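Here is a short note for a colleague who is opening this structure for the first time. The points are numbered so they can be checked one by one.

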Amino acid sequence: MKLSAWAKSQGVSYRTACEWFKNGALPVPARQLATGTILVDVSEVSIGKTVVYARVSSHDQKPQLDGQVARCVTFANARGFSVSETITEVGSGMNGHRKKLLRLLGDQTVERIVVEHRDRLMRFGAEYVEAALAARGGTLLVVEASELKDDLVQDMISVQTSFCARLYGRRSAKHRAEKAMAVMAAGGIAPVMRAE
């Protein structure tokens with residue numbers, strides 16, 4: 001298979017795949033012909049579809065997707081699985097409405113899902129997805145078993161900040177209104193009350 005076709009099937013750009021080939025980092029065996037064409041030797045060892053899923057939380061982290069994909073593809077190929085598809089997504093790990101993930105989980109032809117970290121799939125409930133895959137004969141393959149504590153802590157801080165902003169925002173508005181009323185009363189100005 002040509003390198004361009006392989007790169008497209010893996011969800012990476014042709015330029016990235018060329019760089020991997022030049023640096024010896026291509027996760028599959030490949031050779032260059034005298035004409036300059038790079039051929040990838042892909043062996044179909046496994047039956048069933050293997051899909052790599054990579055996710056980042058925000059658009060400024062988007063450049064990290066290529067690294068995630070490369071590590072997952074290398075991991076899958078080292079275990080004899082040819083990756084059929086690569087899915088990349090930008091979205092919160094706490095959001096259950098990620099369209100690409102839902103489409104992936106609904107695809108009955110998928111036998112293996114490869115993720116770099118369990119929380120790249122979802123922050124909470126990955127064990128339910130794992131159980132559902134196992135029930136239909138599939139598996140969730142995790143490259144790094146350790147969790148990313150920093151990202152989880154950051155998500156929890158964001159949730160807490162959001163809740164606090166709502167709570168303290170109301171309280172702050174009330175205090176500002178009370179201060180404005182006190183200043184007007186001290187200056188001898190009668191507040192104007194509106195009928196609603």
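1. Start with the buried residues of α2. They are T16, A17, C18 and W20. These residues pack against α1 and α3. Keep in mind that this is a predicted model. Just past the helix comes G24, whose phi is positive, near 75°.

2. Now look at how α1 and α2 meet. Helix α1 covers residues 3–10 and helix α2 covers residues 14–23. Their axes come within 9 Å and cross at roughly 115°. That makes α1 roughly perpendicular to α2. The crossing of α1 past α2 is right-handed.

3. Which residues in α1 meet α2? They are L3, S4, W6 and A7. On the α2 side, the contact is made by Y14, A17, C18 and W20. By class, this contact has 7 nonpolar residues, 1 polar residue and no charged residues. A17, C18 and W20 also appear in the list of buried residues of α2.

4. Follow the chain into the loop between α2 and β1 (30–32), where V28 lies. Is V28 buried or exposed? Its relative accessibility is 11%, so V28 counts as buried. Leaving out residues up to four places away in sequence, V28 touches W6, V40 and N77. W6 is one of the α1 residues that meet α2. N77 falls within α3, which spans residues 64–78. V28 and N77 are 49 residues apart along the chain, yet their C-alpha atoms are separated by 6.9 Å.

5. Next, the sheet. What is the order of its 4 strands? The order is β4-β3-β5-β6, the pairing is parallel, and the sheet is open. β4 (83–90) and β6 (139–142) stand at the edges. Each has a single partner strand, so one side of each is left without a neighbour in the sheet. Direction ignored, neighbouring strands are turned by 25° against each other on average.

6. Take the strand pairs in turn. β3 (residues 49–56) pairs with β4 in the parallel sense over 7 bridges. Within that pair, R55 has E89 in β4 as its bridge partner. β3 also pairs with β5, again in the parallel sense, over 4 bridges. There, V51 is partnered by I113 in β5. β5 and β6 run parallel and are joined by 4 bridges. R112 has T139 in β6 as its bridge partner.

7. How many of the 6 residues of β5 are buried? The count is 5, so β5 is largely enclosed by the rest of the structure.

8. Helix α3 packs on the sheet. α3 touches β3, β4, β5 (110–115) and β6. The direction of α3 makes about 155° with that of β3. α3 is also one of the helices against which the buried residues of α2 pack.

9. Last, the chain as a whole. There are 7 helices and 6 strands. Along the sequence, they follow the pattern α-α-β-β-β-α-β-α-β-α-α-β-α. The chain has 196 residues, and 33% of them count as buried. Among contacts with a separation of 6 or more, 66% are between residues 24 or more positions apart.

Technical notes. Residues numbered from 1 in each chain as written. Predicted model: local features only at pLDDT ≥ 70, side-chain atom pairs only at ≥ 80, totals over all residues. Heavy atoms only, no water. Axes fitted to C-alpha atoms, helices over the stretch in contact; angles between N-to-C directions. Helix = DSSP H or I, 4+ residues; strand = E, 2+ residues; numbered from the N terminus. Parallel < 35°, antiparallel > 145°, perpendicular 65-115°, else oblique. Left-handed = near helix turned anticlockwise from the far one by under 90°. Contact = heavy atoms within 4.5 Å. Nonpolar A, V, L, I, M, F, W, Y, C, P; charged D, E, K, R; others polar. Pairing = 2+ DSSP bridges. Buried < 20%, exposed > 50% of the residue type's maximum accessible area, 1.4 Å probe, protein only.
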